[in-house]
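Work through the exercises below with the sequence and the model open. Each task is followed by a stepwise solution.

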Number of protein chains: 4
Amino acid sequence: MSKKIRCGVLGLGRLGYWHAENLARKVQDAELAAVADPLEGRAEQVAEELGVPEWSQNPDDVLENPDLEAVAIVTPTSTHGEMIKKAVANGKHLFVEKPITQTLQEADEVLEAIRNRGVFCQVGFMRRFDLSYAEAKKRIEMGDIGKPIYFKGITRDGQTPPPDFIKHSGGLYLDFSIHDYDAARFLLGAEVTSVAALGNVVEKQYVKEFHDVDQALTYLTFDSGAASDIEASRNAAYGYDIRGEVIGTEGAIQIGSLQHHDLKVLTKKGGTHDIVPDFPSLFQDAYLNEMVSFIECLKNNEKPLVDAYDGKKALEIAVAATKSYQTGTTIRLEPVRS
Amino acid sequence: MSKKIRCGVLGLGRLGYWHAENLARKVQDAELAAVADPLEGRAEQVAEELGVPEWSQNPDDVLENPDLEAVAIVTPTSTHGEMIKKAVANGKHLFVEKPITQTLQEADEVLEAIRNRGVFCQVGFMRRFDLSYAEAKKRIEMGDIGKPIYFKGITRDGQTPPPDFIKHSGGLYLDFSIHDYDAARFLLGAEVTSVAALGNVVEKQYVKEFHDVDQALTYLTFDSGAASDIEASRNAAYGYDIRGEVIGTEGAIQIGSLQHHDLKVLTKKGGTHDIVPDFPSLFQDAYLNEMVSFIECLKNNEKPLVDAYDGKKALEIAVAATKSYQTGTTIRLEPVRS
Amino acid sequence: MSKKIRCGVLGLGRLGYWHAENLARKVQDAELAAVADPLEGRAEQVAEELGVPEWSQNPDDVLENPDLEAVAIVTPTSTHGEMIKKAVANGKHLFVEKPITQTLQEADEVLEAIRNRGVFCQVGFMRRFDLSYAEAKKRIEMGDIGKPIYFKGITRDGQTPPPDFIKHSGGLYLDFSIHDYDAARFLLGAEVTSVAALGNVVEKQYVKEFHDVDQALTYLTFDSGAASDIEASRNAAYGYDIRGEVIGTEGAIQIGSLQHHDLKVLTKKGGTHDIVPDFPSLFQDAYLNEMVSFIECLKNNEKPLVDAYDGKKALEIAVAATKSYQTGTTIRLEPVRS
Amino acid sequence: MSKKIRCGVLGLGRLGYWHAENLARKVQDAELAAVADPLEGRAEQVAEELGVPEWSQNPDDVLENPDLEAVAIVTPTSTHGEMIKKAVANGKHLFVEKPITQTLQEADEVLEAIRNRGVFCQVGFMRRFDLSYAEAKKRIEMGDIGKPIYFKGITRDGQTPPPDFIKHSGGLYLDFSIHDYDAARFLLGAEVTSVAALGNVVEKQYVKEFHDVDQALTYLTFDSGAASDIEASRNAAYGYDIRGEVIGTEGAIQIGSLQHHDLKVLTKKGGTHDIVPDFPSLFQDAYLNEMVSFIECLKNNEKPLVDAYDGKKALEIAVAATKSYQTGTTIRLEPVRS
């Protein structure tokens with residue numbers, strides 16, 4: 001049996017727990033050796049449940065643990081910058097949830113640190129690991145639709161988050177559309193040159209208090225000549241709705257059907273399939289696949305499939321979108337990859 | 001403007017009225033010149049509504065009218081044989097609803113009369129003129145699925161007909177499955193060599209009184225080596241459900257989706273499309289198309305796309321199916337086309 | 001038989017011919033009594049084909065014909081204003097293709113003329129008469145999705161029109177998206193308060209010469225608090241793609257599936273349905289239905305389902321969208337219905 | 001951490017390896033402690049790969065290992081009877097692949113042995129653990145379609161197995177349709193009273209040598225008054241096609257859509273989704289779920305969700321179907337559950 005990668009997980013909220021569980025039980029070449037969470041008792045509880053030998057309330061205990069090769073940072077976004085820097089300083093390889101940092105300045109700092117130390121860093125854009133998005137990319141690369149010229153993305157959720165969540169969400173462009181910004185770069189294989197964002201509060205009035213919107217629209221142009229529109233909404237009363245389309249010069253690809261179970265009930269009222277209710281139902285496999293890829297790339301000394309630069313670019317677009325919405329102007333971006 | 005074919009319609013029930021309306025208003029090269037129905041006042045009422053110059057309670061007035069070139073026979077099945085013979089004797093071209101006659105002996109008689117007189121006769125298997133069935137045939141002929149080796153047909157309706165209808169329906173094999181028997185011959189391009197039928201009363205107990213079933217299954221073999229299963233049901237509480245599949249050596253074709261309007265309503269309960277509610281909703285265009293084809297073939301001296309022989313063969317299979325169900329044995333048929 | 005409405009058709013291009021054919025053959029209570037087209041011989045040819053007693057190269061012969069009650073104006077947009085004014089002056093009821101006029105000033109003039117003379121005027125937004133759009137409206141009014149808060153429209157075509165067509169098209173917002181602007185007003189039941197438009201040339205470089213785009217995006221806000229995004233494209237290599245979605249507070253409705261025939265071919269390469277190839281394939285019935293409604297409303301002294309005001313509002317949005325695209329600013333509209 | 005169930009796996013072919021892998025890595029409360037396979041080196045290789053401490057070429061080493069609580073029997077059908085008896089004699093709990101035994105007599109023997117010793121036995125009808133089939137069952141029990149009155153099952157595969165496989169397959173009724181026989185009992189909640197089977201060789205002539213068919217049809221009646229038709233085919237050139245429908249008195253449920261990835265490629269040739277290529281692609285999760293259920297039920301002292309009696313009943317129907325096909329008669333079954 002080959003050697004396993006010893007990992008730690010920082011932050012054991014819903015998503016952190018999943019990453020921990022995947023590393024502990026389902027990713028063959030990983031070993032979950034330490035977990036940390038500031039909430040009293042949480043790390044111990046998870047450690048016991050998943051059979052993890054070390055746990056702590058203090059993330060530094062994990063970050064400085066010399067036995068670990070890699071850490072997954074699933075803490076609040078405001079702490080990402082600091083956590084990444086400490087991890088890098090300790091020579092750890094990194095998985096970090098999106099967005100990579102809270103500000104572009106921080107993103108540049110951590111990119112430089114990562115580059116200097118030569119550690120591996122993967123960012124949590126799990127859609128790239130969803131089988132349908134991955135298949136779409138493959139088909140585009142096979143030339144099935146000619147040259148890609150337009151991406152249309154939809155991210156809608158039906159849950160009403162509490163005001164406190166909205167307050168710290170960074171706004172709808174950063175919280176939701178950032179996934180589509182990354183998907184657009186991924187599927188079009190191009191860099192964004194301009195960002196124009198529009199939006200409104202069409203239902204959930206309480207988000208106004210935080211200068212946020214519940215319905216957003218972003219228009220992007222790309223250095224390849226392609227363009228893109230990306231819609232986000234907190235008002236999908238019917239379920240969790242993630243769809244994408246890529247128009248190419250010779251065809252198009254549509255991703256996502258909303259259907260949950262592969263069955264339909266027929267009555268006089270019509271033929272009904274159930275709808276994907278929430279993001280775990282849709283992306284459970286994608287979360288596992290991204291962690292499998294993280295560990296495999298690490299083991300094989302390959303570059304991560306979504307790196308810190310991708311994390312920074314998506315953040316850059318989201319920041320520009322927010323600013324565009326606020327100012328009513330189109331924001332130009334510098335597309336050149338450093 | 002080219003000369004129009006002068007037509008008469010016999011029988012003005014629901015289906016007869018449609019044929020009359022199509023001939024009067026929608027089939028460009030037809031002129032509806034006479035209608036007859038035994039129900040007092042019915043022919044006059046329809047004549048007034050559709051602008052038909054002649055009407056009668058007596059079908060002979062139409063059958064013997066020297067100004068008519070063609071008649072559509074939409075009277076009860078028990079009268080088909082007599083009507084066809086009179087029409088042929090008067091040199092009329094013919095459209096006759098399915099089944100062509102009530103008995104195989106009658107069918108042979110009318111086939112001989114038609115052949116001797118050299119008149120044109122089309123039988124009302126309108127599915128052949130439904131765009132989806134017609135497209136399926138075209139795809140098969142283009143070789144899209146290789147050699148066709150299996151046909152699977154479904155005919156389900158959700159309406160509960162009155163006992164008197166069941167009594168005169170001829171049984172489920174003759175009333176429903178005869179459409180799929182014809183579709184099987186049409187799509188497979190082959191003749192039936194054996195018929196085995198099974199069936200049961202699974203819900204509508206009152207059909208037992210007439211020794212009928214509400215759920216039927218027929219298994220056919222063909223001289224090409226192909227086979228087929230054909231299900232019929234009176235128990236589709238959810239709507240009108242017509243589907244077909246042809247398996248070929250290199251692929252398959254599926255016909256029919258049940259969806260009515262091209263929209264879906266999404267709520268927490270699921271994504272719902274409405275279902276085709278009844279046969280007019282599904283086959284309205286097919287009924288028009290078959291009448292257009294009838295008139296066009298007549299005008300152009302071409303053979304009908306579904307002729308009296310097709311009518312007889314479908315009847316033969318339906319009669320054999322009924323007998324197979326009653327006796328529990330497989331019935332062999334003589335496949336050679338005369 | 002009830003009295004028929006005597007109609008004339010002006011302009012016998014592809015669309016004009018359809019309207020003529022529908023009025024001549026398929027709309028029960030209409031009689032096509034006169035046609036005109038400036039192209040030598042065209043009116044006579046169509047008159048002969050459809051059995052129309054009067055024809056002319058000069059539209060005035062139709063507009064001033066005292067025997068006609070109604071005219072359908074299917075001439076180039078640049079002539080709409082003049083044609084409408086003459087028709088109104090002659091007391092004719094009107095069907096006019098979209099856009100109602102070329103400029104907003106003209107639209108105001110014809111609206112005033114129509115109001116003063118009290119004639120009936122229907123504008124050719126045929127999507128309202130498409131069964132799926134009509135059903136969507138009905139479902140929204142039945143409360144199936146709660147209060148409508150967002151409309152998402154797509155109009156994509158795959159055909160590459162000649163440069164001369166682009167030159168006179170009025171631009172993509174006016175040529176394509178105007179249908180969705182009307183659909184948005186129709187389905188949301190609200191008036192537009194602001195228009196922001198973005199766009200680009202992503203494939204068909206030759207449209208740049210005419211300062212046009214081949215991919216457009218419009219963002220609308222409404223006086224009800226709703227919003228909308230509307231995409232248009234000339235780059236759908238795969239077919240003719242018309243879709244709409246309405247998000248409500250309790251659900252959503254999706255219109256359009258792209259599927260043409262109701263069948264699927266299954267091979268090793270996948271399951272394939274054919275795609276709606278062009279607009280006649282999709283909207284043939286809608287064009288007939290709008291003409292049936294035109295004649296029925298006229299006969300019954302009911303208001304048209306899409307009136308001149310609707311025609312003006314859609315034009316107003318399209319003009320604003322074009323200006324917004326050109327100036328990079330959001331255009332405010334006065335939402336109050338006069 | 002709770003105690004794990006120590007398991008052994010007998011037979012390490014493709015399916016045996018999956019069960020082993022699931023028990024070793026994915027089923028939380030299981031521990032794979034021993035594996036056996038008669039092929040030289042196979043057990044050792046798998047043991048090394050999955051970290052299994054004990055392995056052998058001799059199944060008895062596993063069956064008699066006192067440290068094991070449960071064994072999974074994935075050996076050839078002809079050995080099932082003997083393996084089960086030995087396992088029971090050693091007090092092991094059992095998971096056994098379908099069919100439970102090769103003959104009904106053997107089935108009765110092992111049922112008696114299991115009952116006498118009081119061990120737990122689950123049979124590998126994994127469709128019951130497929131999320132769509134399980135959801136269908138739930139919907140039926142919730143009354144969504146009224147009383148179930150008809151089940152329609154399809155099992156089609158496109159692969160051409162080698163002659164030697166056909167020779168030992170037991171025939172198409174036993175090899176394929178047995179899954180639908182079990183699904184019919186499961187979804188209808190009733191016992192079979194009669195079996196009529198038809199079939200033919202429509203493409204793969206070489207199966208004739210083994211008196212087998214490549215296209216089968218079975219008609220079942222049930223003690224609840226329901227009926228069922230079940231088709232099986234080796235000729236699905238397009239992929240792996242598993243579908244089911246249950247008609248109820250108030251509606252119907254359709255299971256299965258053939259679609260693999262949740263995306264569609266649109267080109268001029270149509271809209272194409274890929275088709276489920278093979279059974280691992282469709283039932284991977286079901287195989288895991290059945291093993292999770294096996295271990296959970298064992299731990300919680302609950303009865304298995306598919307027990308030895310279910311295994312025997314499905315075998316009984318398959319044996320009757322084969323006999324019915326051979327004799328051309330309908331076979332009556334004794335429906336009473338002992």
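**Exercise 1. The domain contact in chain A**

How many residues of domain 1 of chain A are in contact with domain 2 of chain A, and how many of domain 2 take part?

Conventions come before the count. The model is predicted: local features need pLDDT of at least 70, side-chain atom pairs count only at pLDDT 80 or more, and totals for chains, interfaces and linings use all residues. Residues are numbered from 1 along each chain as its sequence is written, chains are lettered from A and ligands numbered from 1 in the order in which they are written, and side-chain values use heavy atoms, with hydrogens and water left out.

Step 1. Set the bounds. Domain 1 of chain A covers 5–119, and domain 2 covers 128–283 + 314–332. These bounds come from an automatic or database domain assignment.

Step 2. Count the contacts (heavy atoms within 4.5 Å). Ten residues of domain 1 of chain A touch nine residues of domain 2 of chain A.

Step 3. Place the centres. Taken over C-alpha atoms, the centres of the two domains of chain A lie 27 Å apart.

**Exercise 2. What the domain interface of chain A is made of**

Find the area buried between domain 1 and domain 2 of chain A, and the residues of domain 1 that supply most of it.

Step 1. Take the area. Buried area is the accessible area (1.4 Å probe) that two parts lose on being put together, summed over both. Between the two domains of chain A the value is about 750 Å², with 77% from carbon and sulfur atoms.

Step 2. Rank the contributors. Trp18(A), Lys98(A) and Leu104(A) supply 57% of the area that domain 1 of chain A buries against domain 2, more than any other three residues.

Step 3. List the salt bridges (a side-chain nitrogen of Lys or Arg within 4 Å of a carboxyl oxygen of Asp or Glu). The rule finds one across this domain interface. Lys98(A) pairs with Asp175(A), the closest N and O atoms being 4.0 Å apart.

Step 4. Assign elements (DSSP runs numbered from the N terminus: helices are H or I of at least four residues, strands are E of at least two). Helix H1 (14–26) and helix H5 (104–117) of chain A are the elements that give two or more residues to the domain 1 side.

Step 5. Sort by class. Ala, Val, Leu, Ile, Met, Phe, Trp, Tyr, Cys and Pro count as nonpolar, Asp, Glu, Lys and Arg as charged, and the others, Gly among them, as polar. The domain 1 side of chain A has five nonpolar, three polar and two charged residues.

**Exercise 3. Chain C against chain A**

Describe the interface between chain C and chain A by area, charge pairs and elements.

Step 1. Size it. Chain C and chain A each bring 34 residues to the contact. The buried area is about 2800 Å², and carbon and sulfur atoms give 61% of it. Leu198(C), Val202(C) and Tyr219(C) supply 18% of what chain C buries against chain A, more than any other three residues.

Step 2. Count the charge pairs. There are six salt bridges between chain C and chain A. In one of them, Glu245(C) meets Arg243(A), with the closest N and O atoms 2.9 Å apart.

Step 3. Locate the elements. Strands E7 (148–156), E8 (192–200), E9 (215–222), E10 (227–233), E11 (241–248) and E12 (251–255) of chain C each supply at least two residues of the side that touches chain A. E7(C) gives the most, with five residues.

Step 4. Sort by class. That side of chain C has 16 nonpolar, ten polar and eight charged residues.

**Exercise 4. The symmetry of the pair**

What turn and what shift lay chain C on chain A?

Step 1. Superpose by least squares on the C-alpha atoms of residues with pLDDT of at least 70 in both copies. A turn of 180° and a shift of 0.0 Å along the axis lay chain C on chain A, with an RMSD of 0.0 Å.

Step 2. Name the relation. It is that of a two-fold axis.

Step 3. Find the C-alpha of chain C nearest the axis. It belongs to Thr329(C), 3.8 Å from the axis.

Step 4. Compare surfaces. The same surface serves both copies: 100% of the contact residues of chain C recur in chain A.

**Exercise 5. Chain D against chain B**

Give the contact counts, buried area and salt bridges for chain D and chain B.

Step 1. Count and size. In this pair, 34 residues of chain D contact 34 residues of chain B. About 2800 Å² is buried, 61% of it from carbon and sulfur atoms. Leu198(D), Val202(D) and Tyr219(D) supply 19% of the area that chain D buries against chain B, more than any other three residues.

Step 2. Count the charge pairs. The rule finds six salt bridges between chain D and chain B. Lys152(D) and Glu231(B) form a salt bridge, the closest N and O atoms being 2.8 Å apart.
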